[in-house]
Amino acid sequence: MLTVNSVSKRYGKFLANDDISFSVGAGQVAILLGPNGAGKSTIIKCIAGLLRFTGEIEIDGCANKSLEAKRRLGYVPEMPAVYDLLTVSEHLEFIARAYDLQDDWKEYGESLLRRFELDDKANKLGKELSKGMQQKLSIICGILPRPRLVILDEPLVGLDPHAIKELRSLIIELRDAGVALLISTHMIDSVEAYWNVAHIMVNGKFAATMAADEATADKGLEDLFFAVTETSRRDEA
């Protein structure tokens, strides 16, 4: 579903992503882990078509910046992306029109609003929502078109416990329905129940990759993460 091939991204002389290659298949949850500044958000923005880069990125066989690819992509950025002067309901209608969704989007949208406890905020403007509510609305807008690939960049930040629980359940439901998911997070314990493969980034590169079936009681994802990142810190020192 998602294929990233030899992607590099520079900001001037700084190499933020260094020849990154990986893939995420349908019904798979891939996790990006790494310290601040490792390049996680940069590669996500490259995939979402927000940055120029060298290399190739395809979504369901289509170049990531093509209209066909964008119709298959749901993207939830690290900072909530809402419009100050649109109500919650108008955000959903905006997405429906942008994606040319059919009439059943209303019922699905209303179910997502209830699920994330925003149904009573339908007439609130974006600027009137708390950061946590904006994050929930951003998640709903990313999921509403029923994309085949969902990218979530630090999606749990600012969410209340109920919303975290619902998002975890939703991720599992999407995975089981054949959706490919790529999730960047600092909260390792939040993904333990559903990840399939994890990539640990350090200094713009993949320093290690682990499949869920490789994890054991003595060698879990958290152990690998700290082993890789602490080794990197010692090397830099």
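This is a short tour of the structure above, stop by stop, with what to select and what you'll find there.

Before you click anything: this is a predicted model, where local features need pLDDT of at least 70, side-chain atom pairs count only at pLDDT 80 or more, and totals for chains, interfaces and linings use all residues. Residues are numbered from 1 along each chain as its sequence is written, and side-chain values use heavy atoms, with hydrogens and water left out.

**Stop 1: strands β1 and β2**

Select residues 2-11, which make up strand β1. Helices (H or I, at least four residues) and strands (E, at least two) are DSSP runs, numbered from the N terminus. Now add β2, residues 14-24. Which way do β1 and β2 run relative to each other, parallel or antiparallel? They run antiparallel, and seven bridges join them. Two strands count as paired if DSSP finds at least two bridges between them. To see one partnership, pick Leu 2 and look across to Val 24 in β2.

Next, click Gly 12 in the hairpin of these two strands, which has two residues between the strands. Gly 12 takes a positive phi near 65°.

**Stop 2: over to β4**

Keep β1 on screen and add β4, residues 54-59. This pair is antiparallel too, joined by five bridges. Ser 8 stands opposite Thr 54 in β4.

While you're in β1, click Ser 6. Its phi is positive, near 50°, and it isn't a glycine. Ser 6 counts as partly exposed because its relative accessibility is 33%. The scale goes like this: buried means under 20% relative accessible area, exposed over 50%, and partly exposed in between (1.4 Å probe, protein chains only).

**Stop 3: another positive phi**

Jump to Glu 154, in the loop between β7 (149-153) and α6 (161-176). Glu 154 is not a glycine, yet it has a positive phi of about 50°. Is Glu 154 buried or exposed? It counts as buried, because its relative accessibility is 5%.

**Stop 4: salt bridges**

A search of the whole structure finds eight salt bridges. Each one is a side-chain nitrogen of Lys or Arg within 4 Å of a carboxyl oxygen of Asp or Glu.

Start with Lys 205 and Asp 18, whose closest N and O atoms are 3.4 Å apart. This pair links distant parts of the chain: Lys 205 sits in strand β10 (residues 205-211) and Asp 18 in β2, 187 residues apart. Lys 205 is partly exposed at 43%, and Asp 18 is partly exposed at 22%.

Then select Glu 93 and Arg 97, with closest N and O atoms 2.7 Å apart. They are separated by about one helical turn, because they are four residues apart in helix α3 (residues 88-98). Arg 97 counts as exposed at 66%, while Glu 93 is partly exposed at 33%.

Finally, find Arg 115 and Glu 173, which meet in a salt bridge (2.7 Å, N to O). Arg 115 is in helix α4 and Glu 173 in helix α6, 58 residues apart, so here too distant parts of the chain are linked. Add Glu 166 to see a network of salt bridges with Arg 115 and Glu 173.

**Last stop: helix α4**

Helix α4 covers residues 105-115, and Glu 110 is found there. Glu 110 is partly exposed, at 44% relative accessibility.
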